[in-house]
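Reader: I would like a close look at one part of this protein. Please take me through the nonpolar core, then work outward to the charged and polar side chains around it.

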Amino acid sequence: MNLVVLQNWLDNASFAALFLTMLVYWGGAAFPNLPATTAMGTAGMAIANLCIATLLGARWLEAGYFPLSNLYESLFFLTWGITTIHLIAENTSRSRLVGVVTAPVAMGITAFATLTLPSQMQVAEPLVPALKSNWLMMHVSVMMLSYAALMVGSLLAIAFLIVTRAQEIQLQGSSVGTGGYRSNGYRLHKAGEPVSQLPAIGAENNGVVRFESNSNGKTAVLDLVTATQSQAIATAEPLSPQRLSLAETLDNISYRIIGLGFPLLTIGIIAGAVWANEAWGSYWSWDPKETWALITWLVFAAYLHARITRGWQGRRPAILAASGFVVVWICYLGVNLLGKGLHSYGWFL
């Protein structure tokens, strides 16, 4: 079989599959009483993932090198990473809302690669000398997987802001860092200790009293002791239990996926520095790509620091993660389209 023809068929098939999958997820969100939409959406995303994986494999056989040398190949590898992370996140969260935000992004990337890029940029060409290295697979693939994970985590943070209407809410999921309750005005009462009269339950905890059980089977009460914060949001409309549960799930999955993408980004940057020293004689040259990779690392390092050490939860870290979505796109694509540097070969400039 002609591998070039197969690739052309597969890139169009992946676009069609993602487009239909996006419609299925959006239809499922609009009509939640249709249970078949979840299974159909998952199947569509899996089909697109398989098509892209086959396309990249055919490209590898045709060109003789790992398909990450130009914009067309990296866009499809990024889409494959997004669809893979999506399947993991959806299987973990059991929420169709994951596909509502990830499917249109994956479809848009595929459409850009298939329909927008000129035909000469979609053809496999011989590698430039600087790319003829085993570091191509190590550095670029890890960076692209980190971009995919960080994008999906950021998209779920955006979905969290939409679900909660950007309100300040108290989350009790496992995503809350070690300082969460310490910095959010809760006091833990020991079993048997007299408990003062609890303040009125406001919108902050959405009308739900939460309890913490210790190993003795007795109950310790988390008592809200800061009234100022409660009064500040008392006028906000409380979230329904279903919406609150969905928000906690999205927050938790977003935190964990970003926690996966951040070490991949760190490994990719270190591998790129070693490769740069071999190719150009310098570990770090403040190339635009390197600078924005560092900015991306700092943004998500700040996010994880705020979650784990400072105990941030809810709206503030979600806003930080949402801003990280823009930063990742600038690092991945913006500097190659708008700036000239050592990473511009094989792209637009």
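Author: Start with the core. This is a predicted model. Its largest nonpolar core has 81 residues, and those that touch the most other members are Leu78, Ile82, Met144, Tyr147, Leu156, Ile257 and Tyr332. Eight helices each supply at least two residues of this core: H1, H2, H3, H4 (97–116), H5 (135–163), H7, H8 and H9 (315–338). Helix H5 gives the largest share, 17 residues. As a general point, nonpolar side chains tend to be buried together in soluble globular proteins.

Take one core member, methionine 144. Set aside its neighbours within four places in sequence. Methionine 144 is then in contact with Leu68, Ser74, Phe77, Leu78 and Tyr332. Two of these names, Leu78 and Tyr332, were also on the list of core residues that touch the most other members.

Tyrosine 332 leads to a polar link. The side chain of lysine 289 reaches the backbone oxygen of tyrosine 332 at 2.8 Å. Lysine 289 sits in helix H8. With a relative accessible area of 12%, lysine 289 is buried.

Now the whole chain. Its secondary structure comes to nine helices and three strands. Along the sequence the pattern reads α-α-α-α-α-β-β-β-α-α-α-α. The chain has 349 residues, and 49% of them count as buried. Take the contacts with a separation of 6 or more. Residues 24 or more positions apart account for 82% of these.

Next, the charged pairs. In general, side chains of opposite charge can pair when their charged atoms come close. Here the count comes to two salt bridges.

One salt bridge joins arginine 59 and glutamate 73, with the closest N and O atoms 2.8 Å apart. Arginine 59 belongs to helix H2 (residues 36–63) and glutamate 73 to helix H3 (residues 71–93), so the pair ties together parts that are 14 residues apart in sequence. Are these partners buried or exposed? Arginine 59 is buried, at a relative accessible area of 3%. Glutamate 73 is buried too, at 1%.

The other salt bridge is between the side chains of aspartate 251 and arginine 307, at 2.9 Å from N to O. Aspartate 251 is in helix H7 (residues 241–280) and arginine 307 is in helix H8 (residues 288–308), so this pair ties together parts 56 residues apart in sequence. Aspartate 251 has 4% relative accessibility and counts as buried. Arginine 307 has 0% and counts as buried.

Go back to glutamate 73. Tyrosine 65 touches it. Not counting residues up to four places away in sequence, tyrosine 65 touches Trp60, Glu73, Ala124, Glu125 and Leu127. Tyrosine 65 lies in the loop between H2 and H3. Its relative accessible area is 11%, so tyrosine 65 is buried. Asparagine 134 is 69 residues away from tyrosine 65 in sequence, yet their C-alpha atoms are 9.7 Å apart in space.

Now a buried acid in helix H1. Aspartate 11 has its place in that helix. At 2% relative accessibility, aspartate 11 counts as buried. What does its side chain meet? One polar contact, of 2.9 Å, goes to the side chain of asparagine 12. Another, of 2.8 Å, goes to the side chain of tyrosine 72. Leave aside the neighbours within four places in sequence. Aspartate 11 is then in contact with Leu55, Tyr72, Phe76, Thr110, Thr114 and Gln122. Isoleucine 52 is 41 residues from aspartate 11 along the chain, and their C-alpha atoms are separated by 7.0 Å.

Helix H1 also carries leucine 20, and the helix spans residues 3–30. At 52% relative accessibility, leucine 20 counts as exposed, the cut-off being over 50%. Leucine 20 is part of a nonpolar surface patch. Phe19, Leu20, Leu23 and Trp26 make this patch, about 390 Å² in area. So helix H1 holds both a buried residue, aspartate 11, and an exposed one, leucine 20.

Last, the surface as a whole. The accessible surface of the chain comes to about 16400 Å². Carbon and sulfur atoms account for 66% of that surface.

Methods: Residues are numbered from 1 along each chain as its sequence is written. This is a predicted model: local features need pLDDT of at least 70, side-chain atom pairs count only at pLDDT 80 or more; totals for chains, interfaces and linings use all residues. Side-chain values use heavy atoms; hydrogens and water are left out. Patches are made of residues with over 30% relative accessible area and no salt bridge: like charges are joined within 9 Å, nonpolar side chains (Val, Leu, Ile, Met, Phe, Trp, Tyr) within 5 Å. Accessible areas come from the Shrake-Rupley method with a 1.4 Å probe; for residues, only the protein chains shown count as cover. A salt bridge is a side-chain nitrogen of Lys or Arg within 4 Å of a carboxyl oxygen of Asp or Glu. Helices (H or I, at least four residues) and strands (E, at least two) are DSSP runs, numbered from the N terminus. Buried means under 20% relative accessible area, exposed over 50%, partly exposed in between (1.4 Å probe, protein chains only). Contact means heavy atoms within 4.5 Å. A polar contact is a pair of N or O atoms within 3.5 Å; within protein, one must be able to donate a hydrogen and the other to accept it, and residues adjacent in sequence count only if both atoms are side-chain atoms. A nonpolar core is a set of buried Ala, Val, Leu, Ile, Met, Phe, Trp, Tyr and Cys residues joined through side-chain atoms within 4.5 Å.
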